Amino acid sequence: MRRRIVYAAGWLVAVVLAVSVGVATVTAVGASVRGRGPVGQEVPKDATTAPPTAGPNLVEETISGEFGGFRVGCDGVYAVGVEALPDEAAGWRVVSFEPGPDDDVDAVFARGGRSIELEVFCNQGRPTLAEQEEHELADE
């Protein structure tokens, strides 16, 4: 009987350890996948490294489309949303705009029942479109 209790306790410790390692691994990997972030680089997390706000080091590009444009700047691994420029003549407006600085920035444009969401990050110091999603909006 005592031997069974020792085996059961050992098995229970092994299960708890395996689940803990699995949860920690999924949490760490999931955060890096969800955040996209810079390819092959990490945004420094220490408080001594101040992210940029704007300035001469920014490499700027405009991501353009039927919605207008989204001007984004990069200073190394930091992305800064400089300006969201909707094509107002075609009826587009800005729904939301993330100025950053961050590992990625996004903007959402809408016209009628449609929206377009852009997510941009810095790849080797240059603004790069990570994702463009189009949605049909519910009737208001």
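Which residue forms a salt bridge with Glu 61? In this predicted model, the partner is Arg 126, and the closest N and O atoms of the pair sit 2.4 Å apart. The contact spans distant parts of the chain, with Arg 126 in strand S7 (residues 126–136) and Glu 61 in strand S1, 65 residues apart. Both ends count as partly exposed: Arg 126 has a relative accessibility of 42%, and Glu 61 comes in at 27%.

Strand S1 (59–65) belongs to an open sheet of three strands, ordered S1-S2-S3 and paired antiparallel. S1 and S3 (78–86) are the edge strands, each with a single partner, so one side of each has no neighbour in the sheet. From one strand to the next, the twist averages 20°. Between S2 (residues 68–75) and S3, the antiparallel pairing runs over eight bridges; one bridge puts Gly 68 opposite Pro 86 in S3.

Back to the charged side chains: a search of the whole structure turns up six salt bridges. Among them, Glu 60 pairs with Arg 71, with 2.9 Å between the closest N and O atoms. Glu 60 is in S1 and Arg 71 in S2, so this pair ties together parts that are eleven residues apart in sequence. Here too the residues are partly exposed, Glu 60 at 39% relative accessibility and Arg 71 at 26%.

Another salt bridge joins Arg 114 and Glu 66 (2.9 Å, N to O). Arg 114 lies in strand S6 (residues 114–123), while Glu 66 is in the loop between S1 and S2, 48 residues apart. Through shared partners, salt bridges join Glu 66, Arg 111, Arg 114 and Glu 134 into one network.

Terms used. Residues numbered from 1 in each chain as written. Predicted model: local features only at pLDDT ≥ 70, side-chain atom pairs only at ≥ 80, totals over all residues. Heavy atoms only, no water. Pairing = 2+ DSSP bridges. Helix = DSSP H or I, 4+ residues; strand = E, 2+ residues; numbered from the N terminus. Axes fitted to C-alpha atoms, helices over the stretch in contact; angles between N-to-C directions. Salt bridge = Lys/Arg side-chain N within 4 Å of Asp/Glu carboxyl O. Buried < 20%, exposed > 50% of the residue type's maximum accessible area, 1.4 Å probe, protein only.
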